[in-house]
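Trainee: I'm new to this one, and I'd like to take a close look at a single helix before anything else. Could you walk me through that part, and then show me how the rest of the chain is put together around it?

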Amino acid sequence: MKGGNKMSSTGDKIGQVYFVGAGPGAVDLITVRGKNLLEKADCVIYAGSLVNPEILSYVPSVCRIYNSAIMTLEEVLVVMCREYKKGSRVIRLHTGDPSVYGAIREQMDALRQAGIPFSIVPGVSSFCAAAAAAQLEYTLPGVSQSVIITRMQGRTPVPDKQQIQDYVEHGATLVIFLSSHMLRELQSVLLKSGMAADMPAMIVYKASWPEEKVLSCTVQTLADTGEKEEIHHTALIVIGRVLLDGYERSLLYHPNFSHHFRKGKKGEKDYD
C-alpha cells in the first residue's frame, strides 16, 4: 500500500476502515496486502482470543491497539467510529478469513448505517491451513467433489436442516469448526445418523502454529483421541473418505483430455 491516509479537499485526513484476515496463526501466512496495511495502521482492533499476537509486531509503535476479546460489539463500534472520524487508518483484524465465522456482518451493517465506508482483505482460513498440515486434498475425483463447512450447535443455534446429522448422507468432506470441545457429542450424533464407525476422521489442532498437531482417527475413536491429547479448543475436525488412499485420476492433466488450453491425444478414450 503506497502513501498515507487520504486527504479531503479541506486538507483533513479521511479515515479508512479495513477488515483484514490475519490467517490461521503463522505470522507469515497473513497476505501481503494485510501486512502492508498493518505496517501503516493508526489503530488495530484484533481478535485476541485467536489471532497470533506476534502479528502485531508489524504495526507501528504509535499504533493504538485494542483486544476485542474483552470488548462487546458496541464497544468495538465506538472505537471504529471514533478513530475513523479522527482520520485514522483502522484495521479490524480477524483470525483466518473474516468471511468464515468472523461475525463481521453485524459490524459491516453498523458501519453502513453510520455512513462509514470500509474494505475487506481476505485471509487464509484455518480449514486451508488444516489441509496443508495434513497434506490433504478435500476434493478427490470419484470420492468427494464437495466440502461442507459447518459446526455443532452450542450456545449459537444452528438453523433447521443445517445440523450435523443433515449432512451425513451427502458423503461430502465435512470440515467442522468450533466443536472440538464437544467431541463426545459430535461422535454420538455422527454414529446415530448412520455414519460408519470406521469412517476416517482427523483432528487438526492449531494449524500452522508451532504447537500444531494432526491426529488421525475414526469416527468411533474421535472423542477418545481428543481426550487423550487434551484437545478442547482451537481445533478443526475433518471427516470423510478423502482421508483414505483410493481415488480416481483427475482428468485435467490426462493426456486424452481436451480443454481450452490443450488438445488431448486421441487414444483409447477421448475426454473432450
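Mentor: Let's start with helix α1, residues 32–39, where the buried residues are Gly-34, Leu-37 and Leu-38. Those three cover an arc of only 100° around the axis, so they sit on the same side of α1. Look at the other side of α1 and you'll find Val-32 and Arg-33, both exposed. Bear in mind that this is a predicted model.

What do the buried residues of α1 pack against? They meet four strands: β3 (16–21), β4 (43–46), β6 (89–94) and β7 (119–121).

Now hop over to helix α2, residues 73–85, which holds Glu-83. Glu-83 has a relative accessible area of 1%, so it counts as buried. Setting aside residues up to four places away in sequence, Glu-83 touches Cys-43, Arg-64, Tyr-66, Ser-88 and Val-90. Cys-43 falls within the range of β4 (43–46), and Val-90 within that of β6 (89–94), two of the strands that the buried residues of α1 pack against. For a sense of distance, take the C-alpha atoms of Glu-83 and His-254: they are 171 residues apart along the chain and separated by 55 Å.

Let's zoom out for a moment. The chain has 7 helices and 12 strands, and 46% of its 272 residues count as buried. Its C-alpha trace spans about 70 × 50 × 35 Å along the principal axes. Take the contacts with a separation of 6 or more: 63% of them come from residues 24 or more positions apart. On the outside, the chain exposes about 14,900 Å², with carbon and sulfur atoms supplying 52% of that area.

UniProt has something to add here. An unreviewed entry lists residues 17–222 as "domain: Tetrapyrrole methylase". In the model, that span is 26% helix and 21% strand, and its end C-alpha atoms lie 42 Å apart.

Next, the nonpolar cores. The largest has 26 residues, and Leu-186, Leu-190 and Ile-239 touch the most other members. Several elements give two or more residues to this core: the helices α5 (164–167), α6 (183–192) and α7 (222–228), along with the strands β9 (173–177), β10 (200–205), β11 (213–218) and β12 (235–239). There is also a second, separate core of 20 residues, which includes Val-27, Leu-38, Ala-41 and Ile-91. You've met Leu-38 already, as one of the buried residues of α1.

Back in the largest core, Ile-239 is worth a click. Leaving aside neighbours within four places in sequence, its contacts include Leu-174, Ile-176, Leu-190, Met-195, Met-199 and Val-219.

Helix α6 makes a nice companion to α1. Its buried residues are Leu-183, Leu-186, Gln-187 and Leu-190, and because they cover an arc of only 100° around the axis, they are on the same side of α6. They pack against α5, β9, β10, α7 and β12. Just after α6 comes Gly-194, with a positive phi of about 100°.

Two other residues have a positive phi without being glycine. One is Lys-206, with a phi of about 50°, in the loop between β10 and β11. Is Lys-206 buried or exposed? At 16% relative accessibility, Lys-206 counts as buried. The other is Thr-234, with phi near 45°, in the loop between α7 and β12. Thr-234 is partly exposed, with a relative accessible area of 31%.

One more strand before we finish: β8, residues 147–151, contains Thr-150. Thr-150 counts as buried, at 5% relative accessibility. Not counting residues up to four places away in sequence, Thr-150 touches Tyr-101, Gln-162, Ile-164, Tyr-167, Val-175, Ile-176 and Phe-177. Ile-176 turns up among the contacts of Ile-239 too.

Finally, a word on cysteines. How many disulfides are there? With sulfur atoms required to be within 2.5 Å of each other, the count comes to 0. Cys-128 is partly exposed, with a relative accessible area of 38%, while Cys-217 is buried at 12%.

Terms used. Residues are numbered from 1 along each chain as its sequence is written. This is a predicted model: local features need pLDDT of at least 70, side-chain atom pairs count only at pLDDT 80 or more; totals for chains, interfaces and linings use all residues. Side-chain values use heavy atoms; hydrogens and water are left out. UniProt positions are given in the numbering used here, feature names are shortened, and annotations may be inferred rather than shown by experiment. Buried means under 20% relative accessible area, exposed over 50%, partly exposed in between (1.4 Å probe, protein chains only). The arc is that of the directions from the helix axis to the C-beta atoms. Contact means heavy atoms within 4.5 Å. Accessible areas come from the Shrake-Rupley method with a 1.4 Å probe; for residues, only the protein chains shown count as cover. A nonpolar core is a set of buried Ala, Val, Leu, Ile, Met, Phe, Trp, Tyr and Cys residues joined through side-chain atoms within 4.5 Å.
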